[in-house]
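Visitor: I have just opened this entry and would like a short tour. May I ask things as they come to mind?
Guide: Certainly; please begin wherever you wish.

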Amino acid sequence: MSFSKEFLGGITSGASWYPIYGGMQDWNYIHAGCFELTLEVSDNKWPAANETGVHRRIFSSDNGRPLPASITIKGINYMVKVGRDYDRLLHPGDKYKVVATMPGYKSKTTCIRLDEGLTTVDFVLDPEVTVKGNVHECNCGSNNRLDLVKFLSGGHWEVYFTVIVALGFLLLLVQRTKLNLSKHSRSVVPKRPAVV
């Protein structure tokens with residue numbers, strides 16, 4: 001930017017270039033008494049997606065659907081969360097190791113050399129399969145026990161909480177009923193036969 005004709009010596013007052021109201025600079029100045037300095041490295045703020053970087057999708061090998069995975073570049077401490085597609089801006093002319101990760105799936109890594117322009121990389125991740133102990137398949141026509149174990153280990157905390165509250169209420173009700181019965185049995189005096 002020091003060669004810019006717009007900014008003499010590459011320096012400008014940010015507000016005279018483009019004003020931003022309610023940004024981090026305002027917040028830090030008002031709430032923390034700190035001054036902020038922004039170093040602009042280029043006057044091109046939004047390079048076209050086809051100019052630089054890597055992009056595309058991450059799919060599951062078992063059903064072919066896109067995954068909400070993550071992309072990282074080895075040596076760069078930043079993760080890009082993937083929605084339907086991912087875009088990762090990178091400096092052209094360098095080599096990068098691109099890693100796709102998703103919990104429950106095996107990570108995959110590929111090496112790319114970024115020439116001028118966009119590089120397209122699709123990832124297909126394989127589900128992780130873990131086997132603990134000896135597994136014998138039972139074709140009994142019922143998987144109820146397995147479904148119950150999956151349900152209980154699935155983090156259904158609202159169900160657990162509701163069951164615990166209901167059990168606590170029932171326990172309180174039973175104790176209260178026992179207490180009332182014991183008071184009632186002590187206060188009952190045996191009837192004497194009436195003499196006429």
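Visitor: Which residues does Arg88 touch, not counting residues up to four places away in sequence?
Guide: This is a predicted model. In it, Arg88 touches Gly53, Val54, Ile73, Ile76, Tyr78 and Val80, with residues up to four places away in sequence left out of the count.

Visitor: Is Arg88 buried or exposed?
Guide: Arg88 is buried, because its relative accessible area is 12% and the cut-off for buried is under 20%.

Visitor: Which strand is Arg88 found in?
Guide: Arg88 belongs to strand β5. That strand covers residues 86-88 and is an edge strand of its sheet.

Visitor: What does that sheet look like, and what is the order of its strands?
Guide: Three strands form an open sheet, in the order β5-β1-β8, and their pairing is mixed. The edge strands are β5 and β8 (117-120), each of which pairs on one side only. On average, neighbouring strands of this sheet are turned by 25 degrees against each other, direction ignored.

Visitor: In which sense do β1 and β8 pair?
Guide: Strand β1, residues 52-56, pairs with β8 in the parallel sense, over four bridges.

Visitor: And which residue in β8 does His55 stand opposite?
Guide: His55 has Thr120 of β8 opposite it.

Visitor: Back to Arg88: how far apart in space are Arg88 and Val98?
Guide: From C-alpha to C-alpha, Arg88 and Val98 are 9.8 Å apart, and ten residues separate them in sequence.

Visitor: Let us step back. How many helices and strands does the protein have?
Guide: There are four helices and nine strands. Starting at the N terminus, the elements follow the order α-α-β-β-β-β-β-β-β-β-β-α-α.

Visitor: What share of the residues counts as buried?
Guide: Of the 196 residues, 18% count as buried. The protein exposes about 16,400 Å², and carbon and sulfur atoms supply 59% of that area.

Visitor: What share of the contacts with a separation of 6 or more comes from residues 24 or more positions apart?
Guide: Such residues account for 47% of those contacts.

Visitor: New topic: how many disulfides does a search of the whole structure find?
Guide: The search finds zero disulfides.

Visitor: Which of the terms buried, partly exposed or exposed fits Cys34, and which fits Cys111?
Guide: Cys34 is partly exposed, because its relative accessible area is 35%. Cys111 counts as exposed, because its relative accessibility is 56% and the cut-off for exposed is over 50%.

Methods: Residues are numbered from 1 along each chain as its sequence is written. This is a predicted model: local features need pLDDT of at least 70, side-chain atom pairs count only at pLDDT 80 or more; totals for chains, interfaces and linings use all residues. Side-chain values use heavy atoms; hydrogens and water are left out. Two strands pair if DSSP finds at least two bridges between them. Helices (H or I, at least four residues) and strands (E, at least two) are DSSP runs, numbered from the N terminus. Axes are lines fitted to C-alpha atoms, for helices over the stretch in contact, and angles run from 0 to 180 degrees between N-to-C directions. Buried means under 20% relative accessible area, exposed over 50%, partly exposed in between (1.4 Å probe, protein chains only). Contact means heavy atoms within 4.5 Å. Accessible areas come from the Shrake-Rupley method with a 1.4 Å probe; for residues, only the protein chains shown count as cover. A disulfide is a pair of cysteine sulfur atoms within 2.5 Å.
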